[in-house]
Amino acid sequence: MDLAATLERVRPAVVSIHTLSSGIFRSEKLEDPNVRRLLGLPDDVFIVQSGAAAVGSGVIVDSENGYIVTSRHLVADADDVSVTLVDGRAFEADRVGEDGPTDLAVVKIKASGLSALKWGHSSELKVGDFVVAVGNPLGMAQSATFGIISGLGRSGFDADEYQDYIQTDAAINLGNSGGALVNASGELIGIARGIPAPSEESTGIGFAMPSDVAVQIVRELIIHGEYKRGWLGLSVSPVAMIADGGADEPQGPIVNELACNSPAERQGVRLGDVIVALDGRTFATDAAFRNAVSLLPANARITLDIRRGEESQKLNVTLSQSSDRDTVIVEFPSATGSPACTPTGPVLVDVARGSVAYAMGLRTGDYLTAVNGEAAFSADQVRDVLQTIGVKASVDILRAGTAYRIEFE
């Protein structure tokens, strides 16, 4: 492997991105009314900080049209975005599109003689594969660091809604975000996400957004300026395990939240359903399921294989526009809707702070719709459950248009 030759092809496609932003200056001291009074600052007056500079990285993915993929957090609130190429040329950049859940963005420059990287297939990566990170760490343009793939499918961080990171020990520092992670052939297999650690120094653990996801998002950002997601209207808890030949085997994530009048609720999904498969694809973790749903486009038609008790079903569901969940809908529950979305049970008039019920997650105003999967008809049911120690139980509630299942022991 001739690494120098590979980098000679890669480095011209990796750019430095500089931004200037203006925003309200925030300080704990300035939030203190006494300090504001001492400084003569009225409550409705704020200090605007201008000229805040940031530096990051980007990757040219279309040399003919000048499209560059980078990190959204770098350019989203910027007043000015400029791009510096490996040959020293600098250009003002236009923002093309942004996607919050994946922290990806596309900008565009008008320049000749550009080099672009070819997308690789992150789905073909294996732990131990050789990779190189190229970017602008700490302002040092076109720096290259190498390592291996340390892990795949990483999640559990609060950085992005979509979490399916490539983990690498190739050094990724402040300024690498938006840069390239390439394989031994120089193909783009990830967009650097930066570091999760609070330190600004590399800890030997870096992350990148997989190319198979990034190319899908980037394509839509170039065409539409946004990624138009579909809305399913459910959330899941960790994967259920079932006994199979004496060993526990994964069965699927469990529906523990269901938005009333959502595509999922209207088309047959119920609290407690186990999602066995989506379009034939099974999921070993709840994060993997959430990732798959987050990439579904608006109006997508999907098939959910679910298990409800001892029965299995196939549900055909058509997703709606994600913006539909922001629409105010006033209607009475339908007789054909989910029992969890029909407030026929008792309402909790007062849930005291510090009580067992409060610690469980119950709140004043919650409607009880089911206890241990059976229709709720009295508050005594819940009291009996709360007084039972060491027995697994569940309570279904309806709160502000969303049904929840709360499980506890």
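The side chains of Asp396 and Arg405 meet in a salt bridge, with an N to O distance of 2.8 Å, and both Asp396 and Arg405 are buried. The model in which this pair is found is a predicted one, and a search of the whole structure finds 11 salt bridges, among them the three set out below.

| Acidic residue | Basic residue | N to O distance |
|---|---|---|
| Asp396 | Arg405 | 2.8 Å |
| Asp99 | Arg229 | 2.5 Å |
| Asp273 | Arg308 | 2.7 Å |

Asp99 forms its salt bridge with Arg229; since Asp99 belongs to strand 6 (residues 94-99) while Arg229 sits in the loop between helix 5 (211-224) and strand 14 (230-231), the pair ties together parts that are 130 residues apart in sequence. Asp99 counts as buried because its relative accessibility is 3%, and Arg229, at 9% relative accessibility, likewise counts as buried.

A further salt bridge joins Asp273 to Arg308, and this pair links distant parts of the chain, 35 residues apart, with Asp273 in the loop between helix 6 (263-266) and strand 17 (274-278) and Arg308 in strand 18 (residues 301-308). Here Asp273 is buried, with a relative accessible area of 1%, whereas Arg308 counts as partly exposed at 29% relative accessibility.

Turning to the surface, Asp77, Asp79, Asp80, Glu92 and Asp94 form a negative patch. One of these residues, Asp80, is placed in strand 4 (residues 80-84), and Asp80 counts as partly exposed because its relative accessibility is 40%.

Key:
Residues numbered from 1 in each chain as written. Predicted model: local features only at pLDDT ≥ 70, side-chain atom pairs only at ≥ 80, totals over all residues. Heavy atoms only, no water. Patch = residues over 30% accessible without salt bridge, like charges linked within 9 Å, V, L, I, M, F, W, Y side chains within 5 Å. Areas by Shrake-Rupley, 256 points an atom, 1.4 Å probe, with all protein chains shown as cover. Salt bridge = Lys/Arg side-chain N within 4 Å of Asp/Glu carboxyl O. Lys, Arg positive; Asp, Glu negative; His and termini not counted. Charge placed at Lys NZ, Arg CZ, Asp CG, Glu CD. Helix = DSSP H or I, 4+ residues; strand = E, 2+ residues; numbered from the N terminus. Buried < 20%, exposed > 50% of the residue type's maximum accessible area, 1.4 Å probe, protein only.
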